[in-house]
Amino acid sequence: MNPFLTTILIIISLSTSAQGFRTRHFVPGALNNTAKAIFETTPNNYITGGIIVENTNNSNSNRLCLMGLNAQGQVQWTKKYGNNKFEYLDNPFISRSYYKQGDFIYYTGCVRDSNNKYIGVFIKFNLNGDTLWQKIYRDTQQVVPQMVTASVDSGFLITGYFQIGGVPLLLIKTDANGTELWRKKISKATPNVQDGKAIVQDSASKKIAIVGYQYIGGSNSFNNILILDSLGNVIVRKDWDGLGVGGYLLDMIQTKDKKLVAVGVNLYPQTIGGNNIRGSYIVKFNIDSMNKPPIWKIYNFDKAELYNGFTCLDEMPNGDIIVAGILDTLYRFNLPTNVFSRITKFTKNGVLLSNRHYNYKINSVSSDNAQGAASINMTSDGGWVCAMQVSNFPSPNPFFFVKYDSTGCDSSIAYCKSVIAGVGEFINADVKINVYPNPSSGVFGVVLDNTISTTKLQLRITDVMGKEQMQT
């Protein structure tokens with residue numbers, strides 16, 4: 001210890017067994033990489049799903065790409081599917097094209113085949129990324145599946161839309177092997193434009209709930225909440241927009257209390273460059289009480305901007321709702337070319353617990369940066385994982401996956417329980433640290449609050465010039 005120190009800077013990094021990571025991966029030869037999903041397979045092991053663009057024989061084509069990651073987010077294996085004769089199309093506006101059930105991963109989406117037809121596919125993979133089966137769904141119209149979920153009878157339900165001569169909603173019911181049992185083409189009064197972004201089947205009533213968007217008059221987008229019976233017949237259609245101007249819903253889950261929570265974007269009447277500005281939107285409702293107002297809805301805690309919104313959600317073990325999305329930085333940080341990732345928590349009663357943003361920009365200050373969560377899923381250690389879609393010019397864009405621990409730590413100092421103690425006591429969240437005496441000539445004490453008594457600590461001491469003096 002330097003005896004001539006007049007001031008000390010102590011950095012104490014707090015970590016638990018639930019570590020986080022941030023990892024970017026570029027598939028060799030890929031012109032672009034788009035992350036769609038990440039799931040925990042076993043503790044500290046993960047499988048990811050996405051889409052890459054490759055050039056083969058002077059022709060670009062989209063391919064599915066699955067990867068296995070270890071506890072540090074390092075790639076263990078990579079497997080790719082598709083070619084320019086069977087091209088898996090990218091849909092940037094969906095959150096759950098990949099779905100995990102037990103020891104299997106399922107994917108549903110749209111393929112352009114060798115006849116330039118748009119067809120639906122449904123694939124089952126094992127946790128090593130090997131295809132177990134693939135089903136194809138054709139129609140006279142373009143078939144665009146967007147999400148798959150389990151049905152109450154051990155089969156599956158797929159939603160999306162048809163396109164050509166209107167946009168009726170798509171609903172396909174399959175057995176456990178993906179074989180189609182029946183199909184619904186759900187239309188509405190003109191304008192017949194609607195889609196299904198997310199789908200849930202209620203285990204008790206067997207009713208089916210689908211959310212997405214619809215056109216109501218002209219070409220304005222409004223929330224679309226459909227409640228169907230178990231055979232796909234429409235019972236009720238709802239639009240619970242926050243301001244009556246418009247919006248769309250992107251994801252939905254059924255919570256432990258058997259209610260439904262959906263998230264998306266609310267549109268405001270003000271415009272920038274001809275586009276309605278947006279705010280994040282979340283609504284909780286009862287599938288059996290659609291003639292009543294929702295249990296709660298929140299649409300006004302954002303400052304409306306061009307790109308604010310919620311994109312995906314999950315339920316935490318204690319019943320809280322964790323939501324991921326995007327945050328436009330123009331208003332908050334005066335950074336007009338940047339969009340940050342955000343993670344927001346609510347209680348099951350709709351009380352806002354936290355609203356954090358994460359700046360993962362790595363390109364130049366003057367370059368555009370867009371980032372937002374495509375999916376969020378809980379992990380066995382109480383943390384969560386996110387697949388981030390990013391646009392960091394110049395290309396190619398990377399696959400980007402983030403593992404957070406239960407505190408929201410992703411391994412970077414800015415977002416973890418790192419405490420800088422310079423003068424007296426510093427409090428971050430529920431952590432209390434007291435350093436005395438300060439300044440010090442070399443002998444000092446550190447008193448830690450007992451809330452972190454079981455936490456692994458790292459102590460690093462530097463002088464006022466930033467030169468490290470000791471680390472333990």
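D139, E180, R183 and K185 are linked with one another in a network of salt bridges, and this report on a predicted model begins from that group before turning to other charged pairs and to one of the sheets. Across the structure as a whole there are 17 salt bridges, and three of the individual pairs are set out in the table below, each with the separation of its closest N and O atoms.

| Salt bridge | Closest N and O atoms |
|---|---|
| R22 with D410 | 3.9 Å |
| D90 with K36 | 2.8 Å |
| D113 with R138 | 2.9 Å |

**R22 and D410**

In the pair formed by R22 and D410, the closest N and O atoms are 3.9 Å apart. R22 belongs to strand β2 (residues 21-25), while D410 sits in the loop between β30 (399-404) and β31 (418-421), so this salt bridge ties together parts of the chain that are 388 residues apart in sequence. R22 has a relative accessibility of 36% and therefore counts as partly exposed, whereas D410, with a relative accessible area of 0%, is buried.

**D90 and K36**

The salt bridge between D90 and K36 brings the closest N and O atoms to 2.8 Å. Because D90 lies in the loop between β7 (87-88) and β8 (98-101) and K36 lies in strand β3 (residues 32-42), the pair ties together parts that are 54 residues apart in sequence. D90 is partly exposed, its relative accessible area being 32%, while K36, at 3% relative accessibility, counts as buried.

**D113 and R138**

For D113 and R138, which also form a salt bridge, the closest N and O atoms are 2.9 Å apart. Here each partner lies in a loop, D113 in the one between β9 (104-112) and β10 (118-126) and R138 in the one between β11 (131-137) and β12 (142-150), so the pair ties together parts that are 25 residues apart in sequence. D113 has a relative accessible area of 8%, which means that this residue is buried.

**An open sheet of antiparallel strands**

Apart from these charged pairs, the model contains an open sheet in which 4 strands follow the order β20-β21-β22-β23, with antiparallel pairing. Its edge strands, each of which pairs on one side only, are β20 (247-254) and β23 (296-298). From one strand to the next, the twist averages 20°. Strands of a sheet pair through backbone hydrogen bonds, in either a parallel or an antiparallel manner. Strand β22 (residues 275-285) and β23 run antiparallel and are joined by 3 bridges, and V283 has K297, in β23, as its bridge partner.

Terms used: Residues numbered from 1 in each chain as written. Predicted model: local features only at pLDDT ≥ 70, side-chain atom pairs only at ≥ 80, totals over all residues. Heavy atoms only, no water. Pairing = 2+ DSSP bridges. Helix = DSSP H or I, 4+ residues; strand = E, 2+ residues; numbered from the N terminus. Axes fitted to C-alpha atoms, helices over the stretch in contact; angles between N-to-C directions. Salt bridge = Lys/Arg side-chain N within 4 Å of Asp/Glu carboxyl O. Buried < 20%, exposed > 50% of the residue type's maximum accessible area, 1.4 Å probe, protein only.
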